[in-house]
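Q: Please take a close look at how the aromatic residues sit in this structure, and at the parts that surround them. I am a first-year student, so please keep the steps plain and connected.

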Amino acid sequence: MRKYWRIALMGWQHFLAHRTNAWLEAIGNLLTMFVAMGLWAFAFKETGKVTIGGYSAHEMLRYLLLAGLMMSLLYYTNQANTLSNEIIDGTIANHFVKPFSFQLYYFIVTMSGKAVNLFLLVFIMPIILFTFNLTFPVAFINLIFFLILFVIAVLIQYLIFYIGATFAF
C-alpha cells in the first residue's frame with residue numbers, strides 16, 4: 001500500500017511541476033464559470049423577470065456554479081494522452097516490470113491530478129461565492145448523496161477514458 005501512496009505523491013508532484021499550467025487551468029475554469037454566471041445575471045437583470053424557465057436568479061447561479069465545479073473536476077483526463085504517448089515511444093514496457101498493478105498505477109496518477117484540481121478549487125470557491133453573494137441551503141443527506149454520486153461519476157468517467165485509450169491501440 002505504501003508504494004501506491006508514493007505513486008499518488010509522484011502524480012501530485014508531476015501535476016504541480018508545471019505550476020503555471022495548473023493555475024492557468026484553474027483560472028480558465030473560474031473565468032468560464034464567471035462568464036456563464038455573468039450572462040445569466042445580466043439576463044435576469046435586463047428582463048426584469050423574477051424567474052426564467054421556472055428558475056430564480058439564485059437557483060440558476062447555484063446550478064451554474066455546481067456544474068462548473070463538477071466539469072472542472074471531471075475535465076482532467078490526462079490518462080488517454082499519457083497512455084498513448086507511452087505506447088508510441090515504448091516506455092509503457094517500463095511499467096510491466098515494476099512490482100505494482102499497471103491499471104492501479106494509472107488510476108492513482110489520474111486521481112491525484114483530480115485532487116490537485118479539487119485543492120485549487122477550494123481556494124477559488126470563496127471568491128465566486130462572495131462575488132455573486134451565493135449561499136447553499138442544502139440538507140445534509142442530499143450532500144451525502146451528491147458526494148457519493150459524484151465519486152461514482154468520476155470512476156465511470158475514468159473507466160470510459162481508460163478503456164478508450166487501451167482500445168485505441
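A: Tyr105 and Tyr106 are both buried in this model, which is predicted. A search of the whole structure turns up 4 aromatic pairs. One of them joins Tyr105 and Tyr106 in an edge-to-face arrangement, with 5.2 Å from centre to centre and 85 degrees between the planes.

Another edge-to-face pair is made by Phe107 and Tyr158, with 5.1 Å between the centres and 75 degrees between the planes. Phe107 belongs to helix α6 (residues 102-132) and Tyr158 to helix α7 (residues 140-167), so this pair ties together parts that lie 51 residues apart in sequence. How buried or exposed are the two partners, Phe107 and Tyr158? Phe107 has 25% relative accessibility and therefore counts as partly exposed, since that class covers values from 20% to 50%. Tyr158 has 4% and therefore counts as buried, as it falls under 20%.

Next, consider the helix that holds Tyr158. The 28 residues of α7, at 1.5 Å a residue, should span 40 Å, and the end C-alpha atoms are 41 Å apart, so the two values agree. Several residues of α7 are buried: Phe150, Val154, Gln157, Tyr158, Tyr162 and Ala165.

Helix α7 also takes part in the largest pocket, where it gives the most to the lining, with 8 residues. The space in this pocket is about 860 Å³. It is lined by 26 residues, and those closest to its centre are Leu66, Met70, Leu143, Phe146 and Leu147. At least two lining residues come from each of α3 (57-75), α6 and α7. Sorted by class, the lining holds 23 nonpolar, 1 polar and 2 charged residues.

Now turn to the largest nonpolar core. Tyr106, from the pair described at the start, is among the members that touch the most others; with Met37, Leu65, Leu83 and Ile128, it stands out in this set of 37 residues. Helices α1 (2-17), α2 (19-47), α3, α6 and α7 each supply at least two residues of the core. The most come from α6, with 11 residues. In soluble globular proteins, nonpolar side chains tend to be buried together.

Not every nonpolar residue here is buried. Val109 is placed in helix α6, and its relative accessible area of 22% makes it partly exposed, since buried means under 20%. From C-alpha to C-alpha, Val109 lies 19 Å from Met70, and the two are 39 residues apart in sequence.

Leu39 lies in helix α2 and is exposed, because its relative accessible area of 56% is over 50%. The C-alpha atoms of Leu39 and Leu61 are 10.0 Å apart, with their positions 22 residues apart in sequence counted as a separation.

Ile92 is found in the loop between α4 (79-89) and α5 (93-96). Its relative accessibility is 15%, so Ile92 counts as buried. Ile92 and Phe102 are 10 residues apart in sequence, and their C-alpha atoms are 9.4 Å apart in space.

Definitions and conventions: Residues are numbered from 1 along each chain as its sequence is written. This is a predicted model: local features need pLDDT of at least 70, side-chain atom pairs count only at pLDDT 80 or more; totals for chains, interfaces and linings use all residues. Side-chain values use heavy atoms; hydrogens and water are left out. Rings of Phe, Tyr and Trp (its six-membered ring) pair if their centres lie within 6.5 Å; planes under 30 degrees apart count as stacked, over 60 as edge-to-face and the rest as tilted. Buried means under 20% relative accessible area, exposed over 50%, partly exposed in between (1.4 Å probe, protein chains only). Helices (H or I, at least four residues) and strands (E, at least two) are DSSP runs, numbered from the N terminus. The expected span of a helix is 1.5 Å times one less than its number of residues. On a 1 Å grid over the protein atoms alone, a cavity is a set of points where a 1.4 Å probe fits but cannot get out, and a pocket is an open set with protein on both sides within 12 Å along at least five of seven lines; lining residues have an atom within 4 Å of a point. Grid points are joined across faces, edges and corners, and a volume is the space filled by probe spheres set on the points. Ala, Val, Leu, Ile, Met, Phe, Trp, Tyr, Cys and Pro count as nonpolar, Asp, Glu, Lys and Arg as charged, and the others, Gly among them, as polar. A nonpolar core is a set of buried Ala, Val, Leu, Ile, Met, Phe, Trp, Tyr and Cys residues joined through side-chain atoms within 4.5 Å.
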